[in-house]
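Trainee: Could you take me through one part of this model up close? I'd like to look at the place where two domains meet.

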Amino acid sequence: MFNSLSDRLQDTFDKLRGKGRLTEDDINVAMREIRLALLEADVNFKVVKRFVAACKERCMTSEVLDSLTPSQNVVKIVLDELTELLGSTESKLVLAQNRIPNVIMLVGLQGSGKTTAAAKLAHLLKRQGKSPLLAACDVYRPAAADQLATLGGELGVPVYRGDGAHPVDIARGAVQEAVDTLRDVVIVDTAGRLQIDEAMMQEAVDIKAAVRPDQVLMVVDAMTGQDIVNVVSEFAERTDFDGVIMSKLDGDARGGGALSVRQVTGKPIKFVSMGEKPDSLEVFHPDRMAKRILGMGDLYGIIDAAQQAADEEQVARAEKMLREGLTMDDMLHQLQSIRKMGGVQKIISMLPGGERMLGQMGGDAVDDSSLTRIEAMIRSMTPEERACPKIINGMRRSRIAKGSGRTVQEVNALLKQWGEMNRMMGRIRAMASSGDMSPKAM
Ligand code: GDP
């Protein structure tokens, strides 16, 4: 995500850090570099101009230049301005309390990721305890309704298709269906075109008038760059949407669209979509995104992912592990938690400097294949072996290796790792019982 922009901004800061004291010339050079980096990321030129002017004005003060840590102050100023550019604070989905069902309508161009986003939003709301219904109002793209039905089926969310009806009637019918079947949110997927088109706009306006949505969200493909600004402005004028779902941020989007949209249209980004999986839709936090762009990581993101992945069983398991030691089943469970959090790459990308590290290692150098290998070996163990890995002798090792398609050396390495982890758990247990949990003692 935004790799090139992120690299260039961090290079600029690295140069400033190397200087100690900063002169006005140093700031001018840095601001020129930031300007170029943003323009190359395809950020709208007016947005870049305003952004750089704001940063420069705040940096060129004696407070910053004469401070003991001028480069840190510059980074902080750029971070503040970037956060502001992205919308300052989280913009929540606003659903009326006293209305059932609530209605959310999605608009956008064809291929922007609308249908996928509708399903992901349903999944997210379901996780929050809502019972959504999806309405398939894109009757022009032949596969759209089928695609929504398949996605809905996978997520256990019903899809109202109203086959053959006019999209406005399908939307109305879906709301009635929700009333009849006690569903509390209807998510309306509307038709898109490859380009702005009067008939598409009018249809969106008509659906909006018919079902009076609580929220209209525009799905915007992050790969589009600043060209999207015209499209978004047009949709804003006609449909007066409430916020943006920025899709495909997992790709190699340069960042232009995401960084321009708020300033140019005044509409907030509410969600970002980072992949094709149903749980890849996330609430957008401007401050966290700004930190990620500047290579400072997103530790709150990791905590969120861990909380989402954690369940009561996990907590009970952790307590048992501490009490009785680690079994191979525990290890398997931990690997599955890493997957639930989005995989190794996602976790590393949220660490400070993580995106850069992944970039330097080459896109696919870190993936979940090592998890898959370990899982295969553990799954080739018998229940007794998993519960008590000490019994795994030479013969059992070669059977496990054969069963999982791995080598005996890999099985040995896994058992060694297990042994080390268990020793560590033993030390934690001993310290917990002696009451000394200071980091020094660990
Ligand atoms: P629609 O025409 O706007 O309904 O677009 P779709 O929902 O059919 O999405 C178009 C394509 O983009 C599909 O192949 C999706 O799988 C893909 N897509 C949608 N959202 C994302 C995302 O966040 N990341 C990635 N990598 N692909 C996405």
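How many residues of domain 1 are in contact with how many residues of domain 2?

Mentor: Sure, but keep in mind that this is a predicted model: local features need pLDDT of at least 70, side-chain atom pairs count only at pLDDT 80 or more, and totals for chains, interfaces and linings use all residues. Numbering runs from 1 along each chain as its sequence is written.

The domain assignment gives domain 1 (3-85), domain 2 (102-293) and domain 3 (304-441); such bounds come from an automatic or database assignment. On the domain 1 side 14 residues are in contact with 17 residues of domain 2, where contact means C-beta atoms, placed from the backbone, within 7 Å. Two elements, α1 (3-17) and α5 (70-85), give two or more residues each to that side of domain 1, and α1 gives the most, with 5 residues. Helices here are DSSP runs of H or I, at least four residues. By class, this side of domain 1 has 8 nonpolar, 5 polar and 1 charged residues; Ala, Val, Leu, Ile, Met, Phe, Trp, Tyr, Cys and Pro count as nonpolar, Asp, Glu, Lys and Arg as charged, and the others, Gly among them, as polar.

Now for the core. The largest nonpolar core has 92 residues, and those touching the most other members include Leu134, Ala136 and Val188. Both domain 1 and domain 2 give residues to this core, so it lies between them. A nonpolar core is a set of buried Ala, Val, Leu, Ile, Met, Phe, Trp, Tyr and Cys residues joined through C-beta atoms within 7 Å, and buried means 20 or more other C-beta atoms within 10 Å of a residue's own.

Notes: Buried ≥ 20, exposed ≤ 12 C-beta atoms within 10 Å, placed from the backbone. Contact = placed C-beta atoms within 7 Å.
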